[in-house]
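Please open the model in your viewer and keep the sequence panel beside it, as this tour moves from one selection to the next.

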Amino acid sequence: MPTVVIEGQLKFIINTRENAFEPPHVHVWIGNEDLCRIELNGGSYMEDPPPGMSRDIRFAYKKHSEAIRNAWDIIRKR
């Protein structure tokens with residue numbers, strides 16, 4: 001799973017072995033913990049982030065959303 005963006009402690013990672021039926025999304029990690037996923041078409045959380053993390057995750061995602069989507073398109077060949 002390649003890390004496509006690091007913002008502070010947050011890592012945005014794209015899984016190369018996702019199911020074909022899942023929408024485009026990015027995993028958000030801190031260290032070795034998968035915190036949540038963000039759906040790339042609308043920017044919504046696919047699971048609730050940990051308490052107190054939503055704002056920081058959302059800010060980092062919005063800052064890098066274009067780079068994340070471009071990486072997803074390249075990795076997933078879409």
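Begin by selecting Glu 22, Arg 37 and Glu 47, which are linked in a network of salt bridges, a salt bridge being a side-chain nitrogen of Lys or Arg within 4 Å of a carboxyl oxygen of Asp or Glu. The model you are looking at is predicted, so local features need pLDDT of at least 70 and side-chain atom pairs count only at pLDDT 80 or more, whereas totals for chains, interfaces and linings use all residues. Residues are numbered from 1 along each chain as its sequence is written, and side-chain values use heavy atoms, with hydrogens and water left out.

Stay with this network and look at its two links in turn. Glu 22 forms a salt bridge with Arg 37, with the closest N and O atoms 2.7 Å apart; this pair links distant parts of the chain, since Glu 22 is in the loop between E2 and E3 and Arg 37 is in strand E4, 15 residues apart. Arg 37 also meets Glu 47 in a salt bridge through their side chains, at 2.6 Å from N to O, and here the link runs from strand E4 to the loop between E4 and H1, where Glu 47 sits 10 residues apart from Arg 37. The names E and H stand for DSSP runs numbered from the N terminus, with helices (H or I) of at least four residues and strands (E) of at least two.

Which of these three residues are buried and which are partly exposed? Glu 22 counts as buried at 17% relative accessibility, and Arg 37 is buried with a relative accessible area of 18%, whereas Glu 47 is partly exposed at 30%. Here buried means under 20% relative accessible area, exposed over 50%, and partly exposed in between, computed with a 1.4 Å probe on protein chains only.

Next, show the strands as a cartoon. Four strands form an open sheet in the order E1-E2-E3-E4, with antiparallel pairing, where two strands pair if DSSP finds at least two bridges between them. The edges are strand E1 (3-7) and strand E4 (33-39), each of which pairs on one side only. From one strand to the next the twist averages 25 degrees. Follow E1 to strand E2 (residues 10-13): four bridges join these antiparallel strands, and Lys 11 in E2 is the bridge partner of Ile 6.

Now add helix H1 (residues 54-76), which lies across E1, E2, strand E3 (25-30) and E4, running at about 160 degrees to E1. Such angles run from 0 to 180 degrees between N-to-C directions, and the axes are lines fitted to C-alpha atoms, for helices over the stretch in contact.

With the helix and the sheet both shown, select Leu 10, Phe 12, Val 26, Val 28, Ile 38 and Ile 57, which touch the most other members among the 18 residues of the largest nonpolar core. A nonpolar core is a set of buried Ala, Val, Leu, Ile, Met, Phe, Trp, Tyr and Cys residues joined through side-chain atoms within 4.5 Å. E2, E3, E4 and H1 each supply at least two residues of this core, and H1 gives the most, with six residues. Centre the view on Ile 57: leaving aside neighbours within four places in sequence, its contacts (heavy atoms within 4.5 Å) include Leu 10, Phe 12, Val 28, Tyr 45 and Pro 49.

Move to strand E1 and select Val 5, which counts as buried at 7% relative accessibility. Beyond its neighbours within four places in sequence, Val 5 is in contact with Leu 10, Lys 11, Phe 12, His 64 and Ile 68.

Then select Lys 63 and Glu 7, whose side chains meet in a salt bridge at 3.2 Å, N to O. Lys 63 lies in helix H1 and Glu 7 in strand E1, so the pair ties together parts that are 56 residues apart in sequence. Lys 63 is exposed, with a relative accessible area of 51%, while Glu 7 is partly exposed at 22%.

Finish at Asn 15, in the loop between E2 and E3, which is buried with a relative accessible area of 17%. The side chain of Asn 15 reaches the backbone nitrogen of Arg 17 at 2.8 Å. Apart from its neighbours within four places in sequence, Asn 15 is in contact with Met 1, His 27 and Arg 76.

How values were computed. Polar contact = N/O pair within 3.5 Å; in protein donor to acceptor, adjacent residues only side chain to side chain.
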